[in-house]
Amino acid sequence: MGEEKKLTKQEQKRLEKLEAEKERIEGLKIYEKQYAAFGNVCGIDEVGRGPLAGPVVAGAVILPPDCQILYINDSKKLSEKKREELYPIIMEQALAVGIGMASPQRIDEINILQATYEAMRLAIQNLSIKPDILLNDAVTIPGVDIRQIPIVKGDAKSISIGAASIIAKVTRDRLMVEYDDLLPEYGFASHKGYGTAAHIAALKAHGPTPIHRRSFIQKFV
């Protein structure tokens with residue numbers, strides 16, 4: 001009997017947690033609901049502005065208005081396991097997903113900010129549906145003729161931007177793992193190109209690779 005009660009309590013806790021998560025997700029739809037009348041609402045976010053190596057990657061996601069995917073959040077607040085779990089669900093349930101990248105060479109050529117904007121424009125172009133409103137994480141993208149709503153910390157406030165941040169992060173992380181297979185001495189699978197002590201030590205020992213951003217590594221090599 002005691003065991004039965006314990007299980008019921010556990011179940012109760014689980015249900016309470018689930019309800020709280022559903023409530024949190026509803027709260028993340030505030031901007032999507034606010035701009036729904038305009039048509040397709042698209043969330044945009046980027047990852048990889050800070051690393052010494054690899055591309056900057058942008059994601060653009062249009063979710064259905066009745067989207068019920070739980071646990072979406074700013075990708076930085078989620079574990080790698082959770083991001084990997086959410087990625088196929090978002091890909092399957094989204095009305096459209098677009099991904100854009102700017103290479104390390106392009107970053108060196110036009111600077112990281114302009115390369116980020118370029119990746120975002122590419123992500124929008126790669127959507128199968130044209131968005132009517134863009135919800136951006138904090139920035140206004142130049143050269144885009146769609147109405148934009150910049151939201152500070154948008155990846156934690158909007159379900160669409162959160163979804164875009166997960167798509168961008170998983171895409172970039174998987175790419176860095178592939179680079180790790182080709183260039184194992186740099187440890188890209190663990191640090192994803194960010195300037196960790198191990199990465200900087202490898203850079204000094206082995207020199208730069210074609211995926212290093214020359215403009216970012218001048219003080220190390």
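**Exercise 1. The largest nonpolar core**

Find how many residues the largest nonpolar core of this predicted model has, and which of them have the most contacts inside it.

*Solution.*
Step 1. Count the members: the largest nonpolar core has 20 residues.
Step 2. Look for the residues with the most contacts inside this core. They are Cys42, Ile44 and Ile141.
Step 3. Ask which elements give two or more residues. These are strand 1 (41-47), strand 2 (56-62), strand 3 (96-102) and helix 5 (112-125).
Step 4. Pick out the main contributor. Helix 5 gives the most, with six residues.
Step 5. Look for another core. One of 19 residues lies apart from the largest, and Ile25, Leu63, Cys67 and Val170 are among its members.

**Exercise 2. Cysteine 42 and its strand**

Describe the surroundings of cysteine 42, then of strand 1.

*Solution.*
Step 1. List what cysteine 42 touches, leaving out residues up to four places away in sequence. The list is Ala60, Val61, Ile62, Leu127, Pro131, Ile133, Leu134, Leu135 and Ser160.
Step 2. Find the bridge partners of cysteine 42. In strand 2 the partner is isoleucine 62. In strand 4 the partner is leucine 134.
Step 3. Give the strand directions. Strand 1 and strand 2 run antiparallel, joined by six bridges. Strand 1 and strand 4 (residues 133-137) run parallel, joined by four bridges.
Step 4. Sort the side chains. In a regular strand they alternate between the two faces of the sheet. From strand 1, Val41, Gly43, Asp45 and Val47 point one way, while Cys42, Ile44 and Glu46 point the other way.
Step 5. Check the burial. Seven of the seven residues of strand 1 are buried, so the strand is mostly covered, with buried meaning under 20% relative accessible area.

**Exercise 3. Two crossing helices**

Describe how helix 3 (residues 80-93) and helix 6 (residues 159-182) cross.

*Solution.*
Step 1. Choose the quantities. Two packed helices are described by the angle between their axes and the distance between the axes.
Step 2. Read them off. The axes of helix 3 and helix 6 come within 9 Å and cross at roughly 115°.
Step 3. Give the hand: the crossing is left-handed.
Step 4. Name the residues in contact. Helix 3 uses Arg83, Glu84, Leu86, Tyr87, Ile90 and Met91. Helix 6 uses Ala163, Ile166, Ile167, Lys169, Val170, Thr171, Asp173 and Arg174.
Step 5. Sort these contact residues by type. Eight are nonpolar, one is polar and five are charged.

**Exercise 4. The whole protein**

State how many helices and strands the protein has, and what share of its residues is buried.

*Solution.*
Step 1. Count the elements: eight helices and five strands.
Step 2. Take the share: buried residues make up 48% of the 221 residues.

Methods
Residues numbered from 1 in each chain as written. Predicted model: local features only at pLDDT ≥ 70, side-chain atom pairs only at ≥ 80, totals over all residues. Heavy atoms only, no water. Core = buried A, V, L, I, M, F, W, Y, C linked by side-chain atoms within 4.5 Å. Buried < 20%, exposed > 50% of the residue type's maximum accessible area, 1.4 Å probe, protein only. Contact = heavy atoms within 4.5 Å. Axes fitted to C-alpha atoms, helices over the stretch in contact; angles between N-to-C directions. Left-handed = near helix turned anticlockwise from the far one by under 90°. Nonpolar A, V, L, I, M, F, W, Y, C, P; charged D, E, K, R; others polar. Pairing = 2+ DSSP bridges.
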